[in-house]
Structures are given as C-alpha cells and as structure tokens.
Amino acid sequence: MNGFLSQIIKIFLPPRCIKCGVVLSDDDGLCPECFNQLNFITAPYCYRCGHPFEEATGSKKLICANCAKKNKTPFRLNRSALYYDDISKDLILALKFMDKTENAKTLAKWLYIAGHDIWQEKVDILVPVPLHYKRLIKRRYNQSALLVKELSKLAGIKADYTSLIKHKSTKPQVQFSGRERVKNVKGVFSVKHIEKIKGKRVVLIDDVMTTGSTLKECALALKKASAKSVDTLTVARVI
C-alpha cells in the first residue's frame, strides 16, 4: 500500500532537482547537468585533516605539512565532501536560510561517501554542531541536526542532539576572519550530558568548514567530557 501511495504522490509531486528544479525520473536530488558542476574532494588528500593535494604519489596515508608539525589536536580525522564554491554554496545556503530542508537528504548522501575513512576507524555517535537557543528559535531548525538525522539512517549510527550545547550567544562567524573567528567562539560550547559522551568515538557534523575554529571548540568541549575520539565531517570546505 505504501508503495502504491508513493507512486501516486510521484505522479502529482514528481521529484525535482534541488538546484535547478527540473523534474527527475528518480529521487536522486540533482539532475545530471547540476551534478556535473559539483567539485568533490577526492584523493589524494591529507589522511588526518583531509586537505586535498594538487598531486601526490606514494603512501595512501599522506600527511600535509601542517599536520606533520602539530603534536596535539582535538581531532582524529577531518573530512569534507565538496569544495566550497558557488555551486555548493547555493545548496548549503538554501538548506541553512531558505527552508530548503529537503536538501539535507541529498547532502547527507555525500557526507556518507566522504566519511569512508572515518567509518573504517569506527564511530559510536553522530553529533551536530549546535546553535544557541536564541538563534535556533529565530531560524526554527538547525541545519546540522537535519544532516545528522539523515546521515544516521544511512550509516546506522546513533545520533545525539542534546549533549553538546552552545551556552553563549555569539555573532555569526561570517562577520569575522582569521584570529577574530577563533576569539568569537572561544569557550562557548560545553557538554550537558557527560555520561553520554564519555568514552565514545564521536563524529561532529556541520555544513561548512572555513577555518575550523567552530569545529575545534566543539571538539575541545567533547574531549573535556572524555570523548575517546572526535572526527569531523562537513558538506563543504573552504580551500
């Protein structure tokens, strides 16, 4: 019965490309033309931070110069699905600010593929980067939580939406650059339910990684709550 109803719905409300709106034969999210415009981050990339190399040879687990210098970091692995450019930006901003919540399903599929290395290292829970409650009320939903909801289904991994919180309201990171971004989010995240995080292998989910300041502060809060490890997975990344 459910299959029959689904077919009826598709007749009257056929799936459309989430970018250009053209009718699709299958619920793939994007039409071939729009899909071919996407710039996915593929190997070779740094095994730790996921930053792509223009070209590289040799070992599969290559490490970039920045990661080679760092002795301490709250992250285990960082991965992103796409380069942050005009194409990915439109899809993300539509989800984030324009109520295009249906975009989360397609973006989560790309997150799942991009997280291949992370899944191999084993994961216990998925955690979205949280919004302060004032901004959540204003926006009505957290785009990162929507991504986690869809990714949890694909990966078969539990989601935790309540343990990591943003206890202090800040100005949007887009208003800052460089060190000002670091200052803006310094110490504004904490863990409310430590017992749910202690000893767990956590994956932080967000839409975009720019400087990594927000993700780093979230990871520090999770590590302070005795998380066993913290990986990050974002839809896009500024390169």
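Which cysteine sulfur is closest to the sulfur of C34, and why is there no bond between them? The closest one belongs to C31, and at 3.5 Å it is too far away for a bond. This report on a predicted model starts with those cysteines, then turns to the whole chain and to one residue in a helix.

**Cysteines**

A disulfide is a covalent bond between the sulfur atoms of two cysteines. To be counted here, the two sulfur atoms must lie within 2.5 Å of each other. By that rule the model has 0 disulfides. C17 gives a second example: its closest cysteine sulfur is in C20, at 3.7 Å, so the gap is too wide for a bond. The table sets out the two cases.

| Cysteine | Closest cysteine sulfur | Sulfur–sulfur distance |
|---|---|---|
| C17 | C20 | 3.7 Å |
| C34 | C31 | 3.5 Å |

Are C17 and C34 buried or exposed? C17 has a relative accessible area of 4%, so it counts as buried. C34 is buried too, with a relative accessible area of 4%.

**The chain as a whole**

Let's step back to the overall fold. The protein chain is built with 11 helices and 7 strands. Its C-alpha trace spans about 55 × 45 × 35 Å along the principal axes. For 239 residues, a compact globule would have a radius of gyration near 18 Å, and the chain's value of 18 Å agrees with that.

How much of the chain is buried? Buried residues account for 44% of the 239. Of the contacts with a separation of 6 or more, 72% join residues 24 or more positions apart. The accessible surface comes to about 13800 Å², and carbon and sulfur atoms contribute 54% of it. As for charge, the chain carries 42 positive and 22 negative charges, and the mean positions of the two sets are 9 Å apart.

**A closer look at I118**

I118 is a good residue to click on next. It sits in helix α6, which covers residues 116–120. With 0% relative accessibility, I118 counts as buried, since the cut-off is under 20%.

Which residues does I118 touch, beyond its neighbours within four places in sequence? Its contacts are R76, L77, R79, V123, V203, D231, T232 and L233. Take R79 from that list: R79 and I118 are 39 residues apart in sequence, while their C-alpha atoms are 8.1 Å apart in space.

Conventions: Residues numbered from 1 in each chain as written. Predicted model: local features only at pLDDT ≥ 70, side-chain atom pairs only at ≥ 80, totals over all residues. Heavy atoms only, no water. Helix = DSSP H or I, 4+ residues; strand = E, 2+ residues; numbered from the N terminus. Rg over C-alpha atoms; globule rule 2.2 N^0.38 Å. Buried < 20%, exposed > 50% of the residue type's maximum accessible area, 1.4 Å probe, protein only. Contact = heavy atoms within 4.5 Å. Areas by Shrake-Rupley, 256 points an atom, 1.4 Å probe, with all protein chains shown as cover. Lys, Arg positive; Asp, Glu negative; His and termini not counted. Charge placed at Lys NZ, Arg CZ, Asp CG, Glu CD.
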